[in-house]
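Colleague: I am new to this structure and would be glad of a guide. Please give me a close look at the core, once you have told me how the chain is laid out.

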Amino acid sequence: MTTLRIKNSELKEMIYTASSTIHGTGVFAKKTIDEGDYIGTYHGPVVKRNGTYVLWVFESDDEESAVGRSGRNLLRFLNHSSSGNAEFDGFDLYAKRSIGIGDEITFDYQSDE
């Protein structure tokens, strides 16, 4: 799994955080993001336990293959939507469809794709 490195300063060119109608703080598009565009990478230390801002990636169908990261960049504020407009490929986030300026960026926490 290739991970692109993007800093918060670079993320801030594309996204920002603000109050969300979904929950607490959310992530919003600062500019139009086209379908398939790379948004950023969920960065943080590897963890072995679940917690706030932990994203789990399964490298196979085996639960023991799960790798968790405790989010330390702006992407930790992503909120859930069953019809999310973004999705993760590993720890890299991509737009599932076009996302307009000011739209909240969401993903399906339960997605097993």
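Modeller: Helices (H or I, at least four residues) and strands (E, at least two) are DSSP runs, numbered from the N terminus. On that basis, the chain has one helix and 10 strands, and its elements follow the order α-β-β-β-β-β-β-β-β-β-β from the N terminus on. Please keep in mind that this is a predicted model, in which local features need pLDDT of at least 70 and side-chain atom pairs count only at pLDDT 80 or more, while totals for chains, interfaces and linings use all residues. Residues are numbered from 1 along each chain as its sequence is written, and side-chain values use heavy atoms, with hydrogens and water left out.

Now to the inside. Of the chain's 113 residues, 39% are buried (under 20% relative accessible area with a 1.4 Å probe, protein chains only; over 50% is exposed, and partly exposed lies in between). In soluble globular proteins, nonpolar side chains tend to be buried together. Here the largest nonpolar core has 22 residues; such a core is a set of buried Ala, Val, Leu, Ile, Met, Phe, Trp, Tyr and Cys residues joined through side-chain atoms within 4.5 Å. The members that touch the most others are I15, I33, I39, L78, L93 and I105. At least two residues of this core come from each of β2 (25–29), β5, β8 (86–89), β9 (92–95) and β10 (104–107).

I33 is a good residue to zoom in on. Leaving aside neighbours within four places in sequence, I33 is in contact (heavy atoms within 4.5 Å) with M14, I39, A95, R97, S98, I99 and I105. In the chain's contacts between residues at least 6 apart in sequence, 62% join residues at least 24 apart.

One of the strands that feed the core, β5, also belongs to an open, antiparallel sheet of three strands, ordered β4-β6-β5. Because β4 (46–47) and β5 (54–58) stand at the edges with a single partner strand each, one side of each has no neighbour in the sheet. β4 pairs with β6 (residues 66–70) in the antiparallel sense over two bridges, and pairing calls for at least two bridges found by DSSP. One bridge joins V47 to G68 in β6.

For contrast, look at E13, in the loop between α1 (8–11) and β1 (15–19). E13 is exposed, with a relative accessible area of 55%. Beyond residues up to four places away in sequence, E13 touches K30 and K31.
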